[in-house]
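Here is a friendly walk through the structure shown below. Take a look at it first, and then we can go through its parts one at a time.

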Number of protein chains: 2
Amino acid sequence: MVMVVPRLQGLASPNSLSFLDKRIATRVLLSNALGSRRLRFSATTRLGWCGDEPLHHHKQQSTALHATTVMSTEDLGAVERAAPVSTPEMEVLLDMLKWDKQGLLVAVAQHVDTGAVLMQGFANRDAVSATLASRRATFYSRSRSSLWTKGETSSNFIHILDVYIDCDRDSIIYLGKPDGPTCHTGAETCYYTSALQLLQGGGAKPLLPTLLSLESTIAQRKAEEITNLAAKPSWTKRLLENPKLLCSKIREEADELCQTLEASEGKARTASEMADVLYHAMVLLAAQDVKLEDVLATLRARFTQSGVEEKNSRLKQV
Amino acid sequence: MVMVVPRLQGLASPNSLSFLDKRIATRVLLSNALGSRRLRFSATTRLGWCGDEPLHHHKQQSTALHATTVMSTEDLGAVERAAPVSTPEMEVLLDMLKWDKQGLLVAVAQHVDTGAVLMQGFANRDAVSATLASRRATFYSRSRSSLWTKGETSSNFIHILDVYIDCDRDSIIYLGKPDGPTCHTGAETCYYTSALQLLQGGGAKPLLPTLLSLESTIAQRKAEEITNLAAKPSWTKRLLENPKLLCSKIREEADELCQTLEASEGKARTASEMADVLYHAMVLLAAQDVKLEDVLATLRARFTQSGVEEKNSRLKQV
């Protein structure tokens, strides 16, 4: 049995996930009620265009995201597409890669600081060359048969710090720092839909990589604290409500972490105390609306120099 | 001009990267010397098989990785391939996904704790269904036209905690915890080759996501300290050599982090002090050979419960 459901385009934003869940749950119940084992979504349910960004979509997007975009002067203006560059070194590198029959390989964009996977597209020789030369993530659009630089019209570029090649040489990672949200929906990453949540309904909690997941949980507790809607006991909420308690815990946990070294308390204890320090310090970040991403960016900027040189340079500033 | 170079299979391990760099640098110089703009690597330079793991490779691998593999009793024995499961909910989910002409989509495996991208393969309906049902990352091998569960013979399974779907519904992330190294070379991830390092020779330093990169830099300083080969000044080395100094810095930085809240010193200062805490605490981890991954796993295990419940349960244990 084939059922055609309405276009889901309007449901694709991260904020409407629970509504999307409900829709799917309803269809599953409907499917069961009808005795059908299969329920097909129409081909019109394609939700977005991040993999292949068609131009008409760019037009819709550029206005909406304009306000949140950090733009340098060179980004202003019309479509800004990175160009491939041919050097002997580049050609050797491109020759090393294993291209499929269409001359493509899979390119995954990853956030250099948080580690979040931002999006996935395909790249041909020119796209990889343009990315390495311009340091802006550039893909090959199969639907438009042309290169496209992520952000070429929205200005949400992904600034590339390195490109990683896998052992098979047929898949690469664009490791970079995005200017703004990568997804056309305004989400930071295109991967915001949890399959387990879809399968299990609203009960399942999507799980991000650990630190991002912890940050999201703490943010949720903070929101509950403000709206006073929560009934569940929460240590995080107590800490958020009581800065004195929070700071005393951070000092205590840092001290206990040091004791693991001073008293040789063993690896398991060290990992546990470090987890305590991280958690409490992240509550302090949330209390001050500081994003982990900004901390990691600070850390990255710092350790690209020798520690001593950096320390000296900071001492001079003081 | 086409040059055939020897098979590079023996050069593919992460430890031999600098040697691989030299080989490529030599070829580039050779290419320039010969006045050739292009230098082709032979089709025999395919380095590995992680995307499609042929069986003969599994045999080579399983012995080598055996010692480092954490195996549960159910993993022991012959090939253990996950099986697809059909339920109405699963079929709705699979119908939502956008499959290419071969019935495939791109599947990226990501480490739940570190955020490292482990490998990339392709998945068909059965592979996604088998992954969700068994909670073990399962792919479709295009070369063997069959399902394969990562680790089915090596026992290095990737235990899935969630599956993320992108906005286009044609790309998914297997978010999981690997039992051991994911790559057939013994590397933790298949993406260990930096394109910038290949292009720029040994001078470029590969950049991992920030915390992993910092961990790697600290580990390098520790190795230099032990072998006494380094001449460059390094604050990290001083901290590693002097536990008293390290602990005093950790307590001091934790105190300064607290002051950002107590004295409302602003977001930039908070991010900076948190970066200091993280860096010094990570030096302490390195001093005790504790991996960040283990800290993050501890943290993940902890915050799946309510903080207060978890705290109470720990208090009972003390």
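## Helix α8 of chain B

In α8(B), the buried residues are Leu246(B), Cys247(B), Lys249(B), Ile250(B), Glu253(B), Ala254(B), Leu257(B), Cys258(B) and Thr260(B). Buried here means that 20 or more other C-beta atoms lie within 10 Å of the residue's own; 12 or fewer is exposed, in between is partly exposed, and C-beta atoms are placed from the backbone. The model is predicted: local features need pLDDT of at least 70 and side-chain atom pairs pLDDT 80 or more, while totals for chains, interfaces and linings use all residues. Residues are numbered from 1 along each chain as its sequence is written, and chains are lettered from A and ligands numbered from 1 in the order in which they are written.

Helices (H or I, at least four residues) and strands (E, at least two) are DSSP runs, numbered from the N terminus. With 20 residues, α8(B) reaches 28 Å from its first C-alpha to its last, close to the expected 28 Å; the expected span is 1.5 Å times one less than the number of residues. Just after this helix, Ser264(B) has a positive phi of about 45°.

## Where the two chains meet

The buried residues of α8(B) pack against α8 and α9 (267-287) of chain A, and also against α7 (235-241) and α9 (267-287) of chain B. Helix α8 (residues 243-262) of chain A and its namesake in chain B (residues 243-262) pack at an angle of about 170°, with axes 10 Å apart. Axes are lines fitted to C-alpha atoms, for helices over the stretch in contact, and angles run from 0 to 180 degrees between N-to-C directions. The pair α8(A) and α8(B) is therefore roughly antiparallel (over 145 degrees; under 35 is roughly parallel, 65 to 115 roughly perpendicular, and the rest oblique).

Residues that meet there include Cys247(A), Ile250(A) and Leu257(A) in α8(A), and Cys247(B), Ile250(B) and Leu257(B) in α8(B); contact means C-beta atoms, placed from the backbone, within 7 Å. The residues of this contact divide into 14 nonpolar, no polar and 6 charged. Nonpolar covers Ala, Val, Leu, Ile, Met, Phe, Trp, Tyr, Cys and Pro, charged covers Asp, Glu, Lys and Arg, and polar covers the others, Gly among them.

## Strand β1 of chain B

Strand β1 (residues 105-111) of chain B has 7 of its 7 residues buried, so it is largely enclosed by the rest of the structure. Leu105(B), Ala107(B), Ala109(B) and His111(B) point one way, while Val106(B), Val108(B) and Gln110(B) point the other.

β1(B) pairs with strand β2 (residues 117-123) of chain B in the antiparallel sense over 6 bridges; strands pair if DSSP finds at least two bridges between them. These two strands form a hairpin with 5 residues in between, and Gly115(B) in the turn has a positive phi of about 80°. β1(B) also runs parallel to strand β6 (residues 171-178) of chain B, joined by 6 bridges. Ala107(B) stands opposite Gly121(B) in β2(B), and its bridge partner in β6(B) is Ile172(B).

## A sheet with strands from both chains

Chain A has 11 helices and 7 strands, and buried residues make up 45% of its 318 residues. An open sheet of 5 strands runs in the order β2(A)-β1(A)-β6(A)-β5(A)-β7(B), with mixed pairing. Its edge strands, each pairing on one side only, are β2 (117-123) of chain A and β7 (193-194) of chain B.

Note on methods:
Contact = placed C-beta atoms within 7 Å.
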